[in-house]
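Take a walk through this structure, one step at a time. Keep the sequence and the 3D view side by side as you read.

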Amino acid sequence: AGYGSALLLLPGPTLRLCGGRPADRRSMNVARVLGVRHLVQAAVTAGIGPSAELLGLGAAVDITHAASMAGLALADRRVRRVTLTDALIETAFAAAGLSSAVPPRIG
């Protein structure tokens, strides 16, 4: 929810922090849309409760997002730094979701 809020409410500073340079209007609009996606995902997870199935589904959405950012990084070097940074963040979210979805083994 925090990352989604930053993308939605402060897209310029957030993208500058991730990309090292000022963001254009199109990039900020895309960041806002992705911020809404993160907020919806956080609200659904919190509202329904973090079941293993829901956390796994959220992880799948996050890894799909990461893959799309990696593809965009390959296709457009102007946005490479910011998209690779976002891909790493999304991969971390996916890993956290998967590790929370799988119960620990005892013994």
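**From a surface patch to a buried network**

Start at valine 36, which sits in helix H3, residues 25–48. The model is predicted. Is valine 36 buried or exposed? Valine 36 falls in between: it is partly exposed, with a relative accessible area of 39%. Buried would need a value under 20%, and exposed a value over 50%.

Valine 36 has partners on the surface. Val36, Val40, Val44 and Ile48 make up a nonpolar patch there. Together these four residues have about 340 Å² of accessible area.

Now move to helix H4. This helix covers residues 52–75, which is 24 residues. How far does H4 reach from its first C-alpha to its last? The span is 35 Å, close to the 34 Å expected at 1.5 Å a residue.

Look next at the residues of H4 that are hidden. Its buried residues are Leu54, Leu55, Gly58, Ala59, Asp62, His65, Ala66, Met69 and Ala73. What do they pack against? They pack against H3 and against helix H5, residues 80–101.

One name in that list deserves a second look. Aspartate 62 carries a charge partner: its side chain meets that of arginine 37 in a salt bridge, at 3.2 Å from N to O. Arginine 37 belongs to helix H3 and aspartate 62 to helix H4, so this pair ties together parts that are 25 residues apart in sequence. Aspartate 62 counts as buried because its relative accessibility is 5%, and the cut-off for buried is under 20%.

Arginine 37 has another salt bridge. Its partner here is glutamate 90, and the closest N and O atoms are 3.1 Å apart. Why does this pair tie together distant parts of the sequence? Arginine 37 lies in helix H3 and glutamate 90 in helix H5, so the pair links parts that are 53 residues apart in sequence. Arginine 37 and glutamate 90 are both buried. Put the pieces together: Arg37, Asp62 and Glu90 are linked in a network of salt bridges.

How many salt bridges are there by this count? The count comes to three. One of them joins the side chains of aspartate 76 and arginine 78, at 3.0 Å from N to O. Compare the two ends of this bridge. Aspartate 76 is buried, with a relative accessible area of 17%. Arginine 78 is exposed, with a relative accessible area of 62%.

Terms used: Residues are numbered from 1 along each chain as its sequence is written. This is a predicted model: local features need pLDDT of at least 70, side-chain atom pairs count only at pLDDT 80 or more; totals for chains, interfaces and linings use all residues. Side-chain values use heavy atoms; hydrogens and water are left out. Patches are made of residues with over 30% relative accessible area and no salt bridge: like charges are joined within 9 Å, nonpolar side chains (Val, Leu, Ile, Met, Phe, Trp, Tyr) within 5 Å. Accessible areas come from the Shrake-Rupley method with a 1.4 Å probe; for residues, only the protein chains shown count as cover. Helices (H or I, at least four residues) and strands (E, at least two) are DSSP runs, numbered from the N terminus. Buried means under 20% relative accessible area, exposed over 50%, partly exposed in between (1.4 Å probe, protein chains only). The expected span of a helix is 1.5 Å times one less than its number of residues. Contact means heavy atoms within 4.5 Å.
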